[in-house]
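Open the model in your viewer and switch to a cartoon view. We will go strand by strand, one selection at a time.

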Amino acid sequence: MDIVIETRKLSKDYMRDENPVAALKNVDLQVAGGEFLALMGPSGSGKSTLLHLIAAMDRPTSGEVLVLEQDLRSLNNRQLARWRNAHIGFVFQAFNLIPVLTALENVMLPLKLTGLDAKEQLEHARTGLQLVGLGDRLNHFPRQLSGGQEQRVAIARAIVTDPDFILADEPTGNLDAASANDVLTILAALNNEQGKTILLVTHDPHAAHYAKTTRYLEKGVLLPEGQAPQDWMAAPPPMPTSSATSAVTE
Amino acid sequence: MGVMDGGQSALNSEIWGDFNQISAEYNQQDSSSSVLLRATDPVSLDALKHSIEDDPRLNASTITESDYYHGQTASGAPLEFLGILVSVIMAIGSAFATTNIMYAAVARRAKEIGTLKTLGFSDGSILLSFLSESVLLAALAGVLGCLIALPLNWVTTGVGSMVSFSEIAFRFHVSIAALFSGIIFAVVLGAVGGALPARAAAKKEILSALREA
């Protein structure tokens with residue numbers, strides 16, 4: 001399978017009180033197309049930082065990020081914006097829907113930057129919302145939706161442009177258990193049924209069990225495959241991942 | 001008893017009556033400050049002017065009615081200047097107020113800015129959206145201002161002079177051109193006031209914008 005995401009000796013330092021703090025240290029990661037990878041680690045381990053660098057939301061201190069064989073360092077801000085729109089779908093922990101827009105309008109937002117006409121945008125957005133089980137919530141505003149429904153709208157927004165991969169940053173962090181399962185079921189279905197490459201950042205072992213592969217970060221270092229931090233809590237039993245979006249309940 | 005009415009014209013600043021009667025009333029029988037004459041035709045106007053000015057017994061100068069009223073209008077220039085000065089001061093204040101409001105909007109919507117940038121909207125798009133918002137709000141405010149000013153149309157008022165005991169009457173005219181200029185002026189103020197906040201929004205780093213919320 002083709003490598004979709006590759007990082008080489010990727011490092012990121014932040015300045016804190018004029019002292020550099022290493023958030024990531026020489027991370028080498030490869031994600032193949034169609035993979036569902038969970039990046040786990042405790043708070044401050046650098047997993048979100050890694051996700052942000054892959055999404056070109058931040059620039060590395062050193063090292064390379066190759067996405068679809070493209071070195072992101074060669075792109076300027078305008079090109080990066082266009083690249084993000086074309087290639088990635090991002091799911092935030094706090095949903096980040098625009099409160100004054102309806103679910104349908106929120107999902108249509110990324111399509112505004114594409115060449116689709118208004119009618120096509122509407123159709124794509126409607127299909128996206130139907131795919132996450134919200135076909136009957138098209139004209140609801142975020143405040144009229146539950147947290148789980150908001151996150152499903154956010155997933156619809158992430159997939160509506162048919163991106164090459166989906167980056168999800170703690171997508172179940174703000175949800176109750178039932179809603180979290182709904183969201184994870186949708187992500188698993190997108191991976192299983194549509195072959196979407198998904199990179200899921202989480203510190204929840206239960207969420208990670210929906211992924212096909214799990215990698216761990218500890219203090220900015222990516223641990224070798226199959227290795228977890230020694231003090232990492234025992235993971236709960238895996239949850240089924242083969243369900244389709246029809247399993248989503250309102 | 002009666003009502004003096006100059007028909008909403010400049011004549012409203014004057015009292016017209018019988019010369020002898022008013023002269024007697026004000027004890028001014030021997031003199032008059034001005035006399036209004038009408039030439040039979042434009043050609044004879046010069047002859048009339050010369051005959052008055054050249055007559056040493058009259059000791060009078062002549063001026064056409066239009067020049068006379070033009071002079072009267074010129075005396076309102078300080079008032080006009082004052083109006084413009086107040087407008088400019090208020091415009092500067094409005095521009096700062098717009099800047100302040102838009103900076104607050106940028107701060108309040110930092111998370112949205114970060115989200116939009118993550119979705120692929122460029123710095124230019126963000127700048128344009130905030131600038132458009134500022135301009136549209138300003139245009140709306142301009143239209144509202146025009147609506148508020150409309151009742152002043154054709155209102156006549158005046159300013160009195162305690163030195164000459166005279167009054168200059170003037171009338172507000174809210175013309176289409178004035179309304180149009182007002183809205184354009186408001187739009188320009190919106191663009192000027194919103195430029196810096198829009199730039200600040202566009203320059204926000206994605207991650208810092210997302211964390212600001």
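This is a predicted model. Keep chain A on screen.

**Stop 1: the open sheet**

Select S1, S2, S4 and S5 of chain A. These four strands form an open sheet in the order S2-S1-S4-S5, with antiparallel pairing. Which strands stand at the edges? They are S2 (19-32) and S5 (70-71) of chain A. Each has a single partner strand, so one side of each is left without a neighbour in the sheet.

Now keep S1(A), residues 3-16, and S2(A). Ten bridges join the two, and they run antiparallel. To find one of the pairs, label Tyr14(A): its bridge partner in S2(A) is Val21(A).

**Stop 2: strand S8**

Clear the selection and take residues 197-202 of chain A. This is S8(A), and it is mostly covered: six of its six residues are buried. Turn on the side chains. In a regular strand, side chains alternate between the two faces of the sheet. Here Thr197(A), Leu199(A) and Val201(A) point one way. Ile198(A), Leu200(A) and Thr202(A) point the other way. Buried or exposed on each side? Residues pointing either way are buried.

**Stop 3: from S7 to S8**

Add S7(A), residues 165-169. S7(A) and S8(A) pair in the parallel sense over five bridges. Label Ala168(A); Leu200(A) in S8(A) stands opposite. Leu200(A) is also one of the buried residues from the previous stop.

Next, show helix H6(A), residues 177-194. With S7(A) and S8(A), helix H6(A) makes a right-handed β-α-β unit.

**Stop 4: strand S3**

Return to S8(A) and add S3(A). How many bridges pair S3(A) and S8(A)? Five, in the parallel sense. Label Met40(A): Thr202(A) is its bridge partner in S8(A).

S3(A) spans residues 36-40 and is also joined to S9(A), residues 213-218. Those two strands run parallel, with four bridges between them. Pick Ala38(A) to see one pair: in S9(A), its bridge partner is Thr214(A).

**Stop 5: the hairpin**

Stay on S9(A) and add S10(A), residues 221-222. Here the strands run antiparallel, and two bridges join them. Glu218(A) stands opposite Val221(A) in S10(A).

Finally, zoom in on the link. The hairpin of S9(A) and S10(A) has two residues between the strands. Select Lys219(A) and check the backbone torsions: Lys219(A) takes a positive phi near 50 degrees.

Key. Residues are numbered from 1 along each chain as its sequence is written. Chains are lettered from A and ligands numbered from 1 in the order in which they are written. This is a predicted model: local features need pLDDT of at least 70, side-chain atom pairs count only at pLDDT 80 or more; totals for chains, interfaces and linings use all residues. Two strands pair if DSSP finds at least two bridges between them. A residue is buried if 20 or more other C-beta atoms lie within 10 Å of its own, exposed if 12 or fewer, and partly exposed in between; C-beta atoms are placed from the backbone. A crossover is right-handed if, with the strands pointing away from the viewer, the path from the first strand over the helix to the second runs clockwise.
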